[in-house]
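Biologist: Please take me through this model, and hold each term against its definition.

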Amino acid sequence: MTTRARPAIAAMAYHQGAFVPFAEAGLPLTTQALQYGTGVFEGIRAHTCADGGKLVLFRVRDHYERFLRSCRLLRIETGHTVDELVEITCELLRRNGTTADTYLRPLGYKLALLPGTRPGVGLSGVSDALSITGFPMGAYTPPGGIRCTVSSWVRPRSAAIPIHAKVTGGYVNNALAADEARAAGYDDAILLDDRGRVCEASTANVFAARSGRLLTPPATADLLPGITRDTVLALAADLGIETAEHELDVSDLRCADEVFLTGTGIGITPVNEVSGHPIGAGEPGPIARSLAHHYARTIRGGGDVRHHHWLTSVRIDQG
Ligand SMILES: Cc1ncc(COP(=O)(O)O)c(C=O)c1O
């Protein structure tokens with residue numbers, strides 16, 4: 001995969017109720033989420049519009065609905081509705097004078113023990129906080145596709161750790177898998193459950209195409225049912241591509257005509273190889289290419305008008 005230096009964080013952050021310079025948005029070492037992984041996060045993208053100028057957030061309400069669901073699970077009270085979170089995000093983009101594709105990272109977290117709470121791991125009796133940062137980010141995977149390995153790390157069951165929510169502590173599993181893959185020379189890892197069924201990649205969902213039909217593991221499996229996954233299922237329907245939620249194992253991936261990953265960060269990224277086995281012709285296939293084309297148009301407001309409700313315009317005053 002192309003490795004690029006991470007661009008600088010945007011100058012302003014939203015931090016605990018105020019817009020502040022990023023450099024001043026610090027946290028104490030005693031932050032509970034730092035010690036116990038009791039935070040939740042989202043990854044949201046804003047893109048410049050197809051017709052130039054305007055900035056649009058993609059499915060921001062869906063992201064914040066998932067964020068608030070994740071918060072509820074960890075008893076994190078942000079004190080904000082979805083509408084308010086969207087408005088704070090738009091204001092953050094405005095305060096940063098954002099004019100380029102940007103990745104936004106809302107983080108809800110357990111902060112400090114409230115008076116009378118015994119020290120130790122827990123969720124109740126701990127104060128909550130919300131911070132949002134952003135940084136410029138365009139596409140970071142090569143359009144020519146990536147190479148994945150199957151991780152030796154097993155995806156935990158949702159009964160052990162809530163996989164359907166974006167809980168910071170749970171991402172230790174993803175980090176170990178991604179690190180193992182990169183150390184072995186691969187771009188990303190595909191994680192299986194303890195019965196050998198494909199769950200997802202380190203930060204993306206997995207699709208396989210077989211005889212023109214698109215398969216992806218069911219949303220009820222031990223995976224994060226991604227918003228991009230949902231977008232791809234809708235775009236596939238528009239294109240007349242048959243889709244099904246279906247359990248997959250590693251041999252299903254190896255025998256597939258195409259495999260690709262989907263996620264807010266990664267977009268739609270073809271997988272050319274899984275653990276040394278070329279997928280199809282070992283290059284991006286027609287279904288992934290077509291979906292990636294339509295996805296790229298859709299996120300910038302150039303797609304089907306039926307999907308324009310996925311877009312939220314951000315008015316940026318250029319001074
Ligand atoms: C573990 C995991 N699976 C899947 C996804 C894809 O989700 P989405 O398409 O909502 O970004 C992500 C990224 O958020 C992720 O972290």
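Biologist: Which residues line the largest cavity, and what makes a residue part of a lining?
Modeller: The lining consists of R155, I161, P162, I163, A165, V167, G170, Y171 and N174. Each of them counts because a lining residue has an atom within 4 Å of a point of the space, on a 1 Å grid over the protein atoms alone. This is a predicted model, in which local features need pLDDT of at least 70 and side-chain atom pairs count only at pLDDT 80 or more, while totals for chains, interfaces and linings use all residues. Residues are numbered from 1 along each chain as its sequence is written, and side-chain values use heavy atoms, with hydrogens and water left out.

Biologist: Why is this called a cavity?
Modeller: Because a 1.4 Å probe fits at its points but cannot get out. The structure holds 2 cavities of 30 Å³ or more. The largest has a volume of about 60 Å³, where volume means the space filled by probe spheres set on the joined points.

Biologist: What makes up its lining, by class?
Modeller: There are 6 nonpolar, 2 polar and 1 charged residues. Tyr counts as nonpolar and Gly as polar, so Y171 goes with the nonpolar residues and G170 with the polar ones.

Biologist: What is the volume of the second largest cavity, and which residues line it?
Modeller: Its volume is about 40 Å³. The lining is D257, E258, V259, P270, V271, N272, I279, E283, P284 and G285. Strand 14 and strand 15 each give two or more of these residues, a strand being a DSSP run of E with at least two residues. The largest share, 3 residues, comes from strand 15. By class the lining has 5 nonpolar, 2 polar and 3 charged residues.

Biologist: Why is the other kind of space called a pocket?
Modeller: Because a pocket is an open set of points, with protein on both sides within 12 Å along at least five of seven lines. The second largest pocket holds about 420 Å³ of space. Of its 23 lining residues, A139, I266, G267, I268 and A296 are the closest to its centre. Helix 7 (286–298) gives the largest share, 5 residues; a helix is a DSSP run of H or I with at least four residues.

Biologist: How do you know where the second largest pocket lies?
Modeller: Domain 1 (12–136) and domain 2 (146–298) both give residues to its lining, so the pocket lies between them. The domain bounds come from an automatic or database assignment.

Biologist: What makes a residue part of the shell around the ligand?
Modeller: One of its heavy atoms lies within 4 Å of the ligand. There are 17 such residues, and K166, Y171, E200, T228 and T264 come nearest. The shell divides into 4 nonpolar, 9 polar and 4 charged residues.

Biologist: How do you know that R66, I227 and T228 make polar contacts with the ligand?
Modeller: A polar contact is a pair of N or O atoms within 3.5 Å. A polar side-chain atom of R66 is 2.9 Å from a ligand oxygen, and a backbone N or O atom of I227 is 2.7 Å from one. For an N or O atom in the side chain of T228 the distance is 2.6 Å. So these pairs meet the cut-off.

Notes: Polar contact = N/O pair within 3.5 Å; in protein donor to acceptor, adjacent residues only side chain to side chain.
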